[in-house]
Amino acid sequence: MSTPSLTAMPPRRRRRPNWAALALGAYVVAFLGFIVAPIAAVVLVSFSSASFITFPIPGYTLRWYWRIIEYRPFLDAMLVSIEVALASTVLAAALGVPAALALARSRGVPAALVSNFLLAPITVPAIVLGLALLYFLASLSFGLSFTALLIAHTVAGIPYVTRTVLAVYRSLPPDLEEASAVLGATRWQTFRYTTLPLVRPGVFAGGLFAVLTSLDNLPLSFFFGSASTSTLPVVMLSYMENQFDPSIAAVSTVQMLVAIVALVVTDRVYGIEKLTAA
Amino acid sequence: MTSAVPLKLAEISKSFGSLQALKPLTLAIGGGEMLALLGPSGCGKTTTLRIIAGFEAPDTGQVLIGGEDVTDLAPNRRGLGMVFQNYSLFPHMSVAENVAYGLKMRRVPAAERRVRVRRMLDLVRLGQYEDRQIHQLSGGQQQRVALARSLVTNPSVLLLDEPLGALDKNLRERMQFELREIQRRLGITSIIVTHDQEEALTMSDRVAVMAEGRIVQVGAPTEVYERPRTRFVSEFLGTANIFAGTVADRAGPEDWAVTLDLDRAPRSLVRSPEPLAAGRRVLLAVRPERLTIGPPEEDGIPARVQDVVFRGSYFAYELDVPGQDGPVFAYSQARREVPADGRVGLSWPASGAIVLQDAPSSQNSPASQDSPASQDAP
Amino acid sequence: MTTVKADPVPAALAEPAPARRRGTPYRLASSSWTVPVMVFLGFFFVIPLGANLWRSVATGDALVHGPFAFYAKLLGDAYYAGILAETLKVGVIATLASLVVGYPVAYFMVRYAGRWNGLIVFLLIAPLLTSIIMRTFGWRVLLARKGPVTLLLHDWGLIARPTNLADDPIAVYVALVHVLVPFMVLSIVAVLQQVDVRLEESSRVLGAGPLATFFRITLPLSLDGVATGCILVFVVTNGSFLTMLLLGGGKVTTLSLLIYQQFNVAQDTGFAAAMGNLLLFMALICLALQARFLRREGVKA
């Protein structure tokens, strides 16, 4: 500051730090630590050589990951989970997307009622939906089957797919389809070449959400649990009720990796910016 | 390129709920003609275009293209070309894919598609842009892609829905000429919907002025501009000064002297091919450029200059005329000498004023506020 | 060029009007496209919930003691009424805690985060890629007797000796807030983004201090997002039982947890159905509140 300079530069005034913003920023950093901490802790513990939880971690091992492979129910349940998640999402999209396309351009009370109806399963607590569906499907004598599980997850998935497709389709100018029609496209051609490519981000975003929700939907799945229809959360819960060792941490970490892979694959197939834009 | 196909609308009408968007409307467009549908928003011009395109079905009436009734035909089977207001280019396709779309739908082989797309892009001077994405283009370029896309299928009729509305003023004027040039070259029957009177007058062979779901006047641009039938038309196509008065006597073969309500002296002239009976109440329309500003002592209408605005190619004078509600406007190429007190006299030649069909209001109140035609529900 | 003379005067006066035809505008999808999903949901959503309702009033005890026997038991019996009260208490506390914890984060994201905003959003959404079991297990780890949080609190002298905090009811609230606060933050951010920063600046120019500006301008304008977030968090809390099952040492029992336990232990279908309906009823009330609130806000919604 005090150094004399020949070039008469006006002294650069230092900006007064905004203490409120800095304090808020520090709080947000702490908050994000709070969000990340339990997840990081589980990943860390999954490599712990101790069979009980202790810090600092005495040593590192991969034995809990081997345990996943040894203990059949984990692998079986993981496969069931993925199958149910994918199949129910495809089914939900097949049912929900055409309806969303029809409803997005409709006005009036009936259309609004139907839209709300399609979104309704999201507002019913999953445990209530699961309970009700189990009794109903059991009365049709396929209560504990893969079909029952699939139906339950499809009901839960329909709102997600419908909601995003509705939003994306509403944001598209309707004259794109009119332009297609004037150019000679039949309804099917317009759907195939114009509408579907344009709502695809909505289908993907809603589908991804439905898949992630399905993978984690314990309250819905545990009613349908049997040897062949238990999803991963159900098996993990019953394992935890009997023993408490880091293999649960390892399974959780693997499940997280599966979800990340799903996200990356979706990103590769369809850009992630396009997903968030929807 | 295409043999010119005439288009006819026979008594089409359309209501949306309780709103009657189109009162039974009949209109014929000759083969190769460019017709402008001009009117304020909500006048029914867009509804008319959408009925021609097949997006809306009329409640009554028929749409005939080349003599064939297409009223019940789906849009994709009408063989039309259309340029949308904001172009409606497919955002997920390149320029070439957009232009090729209509050909692809008609299952034109890929090789032929490529040739025709290229030829059309050359026509709109976008030959280098084939592989660009739509969002990489400027507004004017997008407009040209939309035009190329609508023309590549050799449509029988070209529909243009406010095609230049999204462009800025300079580009819009250039595109007006370009579009008109291409339309003439292809000789394609065209309808342009616009709310911009200048665009309508520049681009079309005929202008149909619409208001409140019906056509108020149809005619060549000069005719509609110079001989508007109603106050609405005269005011919608540029600025018009409206004066109420009573016919006094004959002043020439087609000229008549009129006593204006505002000064009651029988000295204003109007030209009318039809005879006007003495004592008849009339509304006169005088374009600002036909008004002459002179010295106050001559037998002009006494007025006082309120403001002078330089508008580039002319001077606009805002004048206060005693007895007339609202300002009177006069345009002049050269700047006039105005005395310090602003007092001047206004006059016009007989050919500068025309008689409108609207009936003026009662004797003593100068007509100005009540213009039934200019109220238009959106 | 043209020879056809247009006739601006409708000729309809002279001729009888042509038959009226109601036209539908061009649309890609017809309303029949909603039929499959309506049938599916009718069969697997409406009927099961309806059957549940019927089961709660017309089976077991309900046949003996009248249709509302199960509900009377739920509301009248001290044990069950206590659980209902506990459910509401957990919901309210978790909601308020999420609001207090989350609001500053939302405010920071909208006003200060700038280029860090993407990272914060990512960290908020990332937990969705993990299972609730993982996150709950994480708290068991952190709050274990020899877990890092417990050890840290002990070092700071905040607790006398390390105990298994995971079995303390506080663990339930910590884990609930952890799971739910991202929803709260994102709900508030969505609304706060619409609040023009110039309104705050005007308030400052008019002489209000930063706190007065916040409480008189910012907070009232973001209430819509606060309400959305609160209702969402409350409803989700009511429906969750895993947190109460794995944390808190079984000291926090809510309706959802009770349904889970009843289902696993005693298969009293009618009573389970009645409890489910009560839970559903609470969710519907919240939904109605939200719908009303958003309607009041009009076009903004």
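Among contacts in chain B between residues at least 6 apart in sequence, 66% join residues at least 24 apart; two residues are in contact if their C-beta atoms, placed from the backbone, lie within 7 Å. The model is a predicted one, in which local features need pLDDT of at least 70 and side-chain atom pairs count only at pLDDT 80 or more, while totals for chains, interfaces and linings use all residues. Residues are numbered from 1 along each chain as its sequence is written, and chains are lettered from A, with ligands numbered from 1, in the order in which they are written.

Of the 378 residues of chain B, 46% count as buried, a label given when 20 or more other C-beta atoms lie within 10 Å of a residue's own, with C-beta atoms placed from the backbone. Along the principal axes, the C-alpha atoms of chain B fill a box of roughly 80 × 45 × 40 Å. Chain B contains 8 helices and 20 strands, which are DSSP runs numbered from the N terminus (helices are H or I, at least four residues; strands are E, at least two).

Six of these strands are a good place to start exploring: an open sheet of 6 strands in chain B has the order 6-7-8-3-9-10, with mixed pairing. Strands pair if DSSP finds at least two bridges between them. Strand 6 (80–83) and strand 10 (214–219) of chain B each have a single partner strand, so one side of each is left without a neighbour in the sheet. On average, neighbouring strands of this sheet are turned by 20° against each other, direction ignored; the axes are lines fitted to C-alpha atoms, for helices over the stretch in contact, and angles run from 0 to 180 degrees between N-to-C directions. Helix 4 (residues 139–151) of chain B packs on the sheet, touching strand 6 and strand 7 (157–161) of chain B. The direction of helix 4 makes about 170° with that of strand 6 of chain B. At one edge, strand 9 (residues 206–211) and strand 10 of chain B pair in the antiparallel sense over 5 bridges, and B:Val207 stands opposite B:Gly219.

Further along chain B, strand 16 (residues 301–310) and strand 17 (residues 315–320) run antiparallel, joined by 6 bridges. Here B:Arg304 stands opposite B:Asp320. The two strands form a hairpin with 4 residues between them, and B:Gly312 in the turn has a positive phi of about 95°. Strand 17 of chain B also pairs in the antiparallel sense with strand 18 (residues 328–332), over 5 bridges, with B:Ser332 as the bridge partner of B:Phe315.

Notes:
Buried ≥ 20, exposed ≤ 12 C-beta atoms within 10 Å, placed from the backbone.
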